[in-house]
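User: Hello! I have just opened this model and would like a friendly tour of how it is put together.

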Amino acid sequence: MAIGINNVYQKVLALANKEQRGYITPQEFNLFADQAQMEIFEQYFYDLEQRQRAVGNEFDYADMVNSIEEKISVFEKVNQTIGFIDNEGNIDVSSSVMDSDGNTNLYKLGDVKINYPISPGVYEDFYYPVEQIQLKELNLHSISSLKTFSKKRPVYTKHSESLVPARIQIHPSPPSGSMVMINYIVRPKRPNWTYVLSGNNAKNALYNPSSADHQDFQLHLAEENNLVVKILQLAGIAIKDFGLAQAAGQKEVNTIQQQKQ
C-alpha cells in the first residue's frame with residue numbers, strides 16, 4: 001500500500017503555514033518530495049550494512065534488520081530473465097530495466113544466475129550462481145594455468161562509468177541458448193502531486209489524482225512522518241526559514257534516536 005501523496009502535501013502545508021512561514025507550491029513540493037524519498041530509500045542500504053556489521057548479540061539487531069529488509073523488499077525484483085546482446089556474454093542490464101521516460105530504474109544489481117544448455121534446446125535443471133570479480137582480476141582468471149572459472153563456476157565483470165552497472169559480461173562466454181536470471185532493486189518512482197489550476201494563482205491548485213502522471217510515494221507506510229519532516233527541512237531552506245529547517249532537523253534526529261533504542 002502506497003503513502004498517499006496528497007496526505008503528505010496537506011500535512012506539509014499545514015505545518016509550514018502554522019506560523020505564516022510561507023507557501024510551498026506544487027512544483028516545489030514535488031521536487032522536495034523526490035529528494036526526500038530518495039534520501040530515505042538510500043539510507044536503508046547504509047543502515048542495513050551497519051546493522052549487519054554490528055558486533056555483539058545478533059538478536060539485538062534481528063528485528064531492525066528484518067524491518068529494513070521488509071522496506072527494501074518492495075523494490076526488489078527476483079528471478080527476472082534477461083537476454084544477451086552479443087555472443088561474448090555481454091548483458092545490458094540498465095536498458096532492460098527502463099521507466100516510461102526511457103531512464104533506467106536499476107538501483108542495485110543483486111544475484112546473477114545462469115543456465116547453460118547441455119545441447120541445443122536442452123538445459124540443465126540448475127542455475128549456477130555467477131560470482132562478480134573486478135576487471136583487474138579478469139586477466140589472472142583467464143590465464144590457462146590459473147583459470148578458476150568454468151560453466152559450473154562462472155564469473156562476471158561490470159562495465160560502467162557510473163555507479164549503475166550499465167553492462168555486465170559473463171565468463172566463460174555462454175553458448176547460444178543460455179539463460180540468465182537476475183535479482184535487482186529498482187529505484188522508487190518519482191512522486192508527483194498532480195493538479196489543475198483554478199485561476200492563475202498557484203495557491204488555487206486543486207488536487208487531481210486522476211491525472212495520468214499522478215504518482216504516490218512508494219515507501220513503506222511507516223515512512224510517512226519521515227517524509228513530512230524531510231520535506232519541511234528542504235522547504236525551510238528553500239524559503240529561507242532556517243527556523244523551520246532547524247525544527248524539522250531536530251525532529252528527524254529525535255526520530256532516529258528513538259529507532260536506535
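**A first tour**

User: Among contacts between residues at least 6 apart in sequence, what share joins residues at least 24 apart?

Analyst: Happy to help! This is a predicted model, where local features need pLDDT of at least 70 and side-chain atom pairs count only at pLDDT 80 or more, while totals for chains, interfaces and linings use all residues. Residues are numbered from 1 along each chain as its sequence is written, and side-chain values use heavy atoms, with hydrogens and water left out. A contact means heavy atoms within 4.5 Å. In the protein chain, among contacts between residues at least 6 apart, the share joining residues at least 24 apart is 64%.

User: In what order do the four strands of the open sheet run?

Analyst: Strands are DSSP runs of E with at least two residues, numbered from the N terminus, and two of them pair if DSSP finds at least two bridges between them. The pairing in this sheet is antiparallel. Strand E1 (76–82) and strand E6 (128–129) are the edge strands, each pairing on one side only. The order is E1-E10-E3-E6.

User: Which residue in E6 is the bridge partner of lysine 113?

Analyst: Strand E3 (residues 106–115) and E6 pair in the antiparallel sense over two bridges. In E6, lysine 113 has as its bridge partner proline 129.

User: Which residue in E9 is the bridge partner of tyrosine 156?

Analyst: E8 and strand E9 (residues 167–171) pair in the antiparallel sense over five bridges. The E9 bridge partner of tyrosine 156 is isoleucine 170.
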